[in-house]
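Good morning, colleagues. Please have the sequence and the structure open while I speak.

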Amino acid sequence: FSHEKTNLLSITHKLYRKELELNPLLDELVQSFLTNEIIPLHSVELFHRVGGYEPFRKDIMDESELHFKQLQRGIIHHNLKVVELYYTRITIKRLAELSSIPTSLVEEEISSMVYDGALRAKIDRIAGTVDFRRKTQPADTLNDWSRKLKALLHLAEDTSNLINREHLIHSQ
């Protein structure tokens with residue numbers, strides 16, 4: 001989910017609180033999308049739960065299957081973003097288990113999200129892993145090294161001062 005969609009859901013959750021409380025399934029879905037937790041995706045169960053709502057009813061909407069697939073894809077994207085928050089590297093098999101989707105679909109969705117710029121990931125098909133670590137820029141690496149070196153020199157100077165103080169105290 002993009003930041004824009006998340007903001008819209010947050011506003012909907014705040015402004016239409018009473019209406020959502022009257023409809024527990026929609027309230028649960030909105031709250032699920034607003035948390036950093038994986039949403040269980042079992043297609044048959046999900047379809048039975050949302051199948052009665054207008055956008056998903058075949059007798060009312062011609063695009064009901066498209067709407068359902070978009071909901072599924074939104075849940076998959078949300079789950080991948082959550083996994084990105086908590087993992088730096090994960091096997092594709094484990095990611096598929098967490099998301100309750102086939103491994104081929106995991107690869108397809110990650111590729112799509114990376115292409116769209118919604119996710120930073122690198123798939124290693126040979127090892128069967130997905131790496132979510134961000135590449136550091138050389139300038140950032142140098143700045144980090146410089147910061148750590150300054151801290152080390154500060155510690156060495158403090159230690160030297162403490163040793164000199166002890167020599168002065170014991171030499172008197």
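I shall begin with the chain as a whole, continue with two helix pairs, and end with several individual residues.

Please note at the outset that this is a predicted model. The protein chain contains eight helices and three strands. Reading from the N terminus, the order of elements is α-α-α-α-α-β-α-α-β-β-α. The chain has 172 residues, of which 28% count as buried. Its exposed surface comes to about 12700 Å², and carbon and sulfur atoms supply 56% of that area. As for contacts between residues at least 6 apart in sequence, 53% of them join residues at least 24 apart.

Let me turn to the first helix pair. Helix α1 covers residues 3–15 and helix α3 covers residues 24–34; their axes come within 10 Å and cross at roughly 135°. An angle of roughly 135° is not over 145, the bound for roughly antiparallel, and it lies outside the 65 to 115 range for roughly perpendicular. That makes α1 oblique to α3. The crossing of α1 past α3 is left-handed.

Which residues of α1 and α3 meet? On the α1 side they are Thr 6, Leu 9, Ser 10 and His 13. On the α3 side they are Asp 27, Val 30, Gln 31, Phe 33 and Leu 34. Sorted by class, this contact of α1 with α3 has four nonpolar residues, four polar residues and one charged residue.

The second pair is formed by helix α6, residues 92–99, and helix α7, residues 103–116. Their axes are 9 Å apart, and the packing angle is about 95°. Because angles of 65 to 115 degrees count as roughly perpendicular, α6 and α7 are described as roughly perpendicular to each other. The helix α6 contributes Ile 92, Lys 93, Leu 95 and Ala 96 to the contact, while α7 contributes Thr 103, Val 106, Glu 107 and Ile 110. By class, the contact of α6 with α7 divides into five nonpolar, one polar and two charged residues.

The loop between α6 and α7 includes Ser 100. The phi angle of Ser 100 is near 60°, a positive value in a residue other than glycine. Is Ser 100 buried or partly exposed? With a relative accessible area of 31%, Ser 100 is partly exposed.

Further along, Val 114 is found in helix α7. Val 114 has 32% relative accessibility and therefore counts as partly exposed. Setting aside residues up to four places away in sequence, Val 114 touches Leu 119 and Ala 121.

I come now to helix α5, which spans residues 64–86 and holds Val 83. The relative accessible area of Val 83 is 1%, so Val 83 is buried. What surrounds Val 83, leaving aside its neighbours within four places in sequence? Val 83 is in contact with Ile 38, Ile 90, Leu 95, Leu 98 and Phe 132. One of these, Leu 95, also belongs to the α6 side of the contact with α7. In addition, the C-alpha atoms of Val 83 and Asn 36 are separated by 8.9 Å, although the two residues stand 47 residues apart along the chain.

Gly 74 is found in helix α5 as well. Gly 74 has a relative accessible area of 8% and is buried. Between the C-alpha atoms of Gly 74 and Phe 33 the separation is 9.0 Å, and these residues are 41 residues apart along the chain. Phe 33 also appeared earlier, on the α3 side of the contact with α1.

To conclude, I return to the two helix pairs: α1 is oblique to α3, whereas α6 and α7 are roughly perpendicular to each other. Thank you for your attention.

Notes: Residues numbered from 1 in each chain as written. Predicted model: local features only at pLDDT ≥ 70, side-chain atom pairs only at ≥ 80, totals over all residues. Heavy atoms only, no water. Axes fitted to C-alpha atoms, helices over the stretch in contact; angles between N-to-C directions. Helix = DSSP H or I, 4+ residues; strand = E, 2+ residues; numbered from the N terminus. Parallel < 35°, antiparallel > 145°, perpendicular 65-115°, else oblique. Left-handed = near helix turned anticlockwise from the far one by under 90°. Contact = heavy atoms within 4.5 Å. Nonpolar A, V, L, I, M, F, W, Y, C, P; charged D, E, K, R; others polar. Buried < 20%, exposed > 50% of the residue type's maximum accessible area, 1.4 Å probe, protein only. Areas by Shrake-Rupley, 256 points an atom, 1.4 Å probe, with all protein chains shown as cover.
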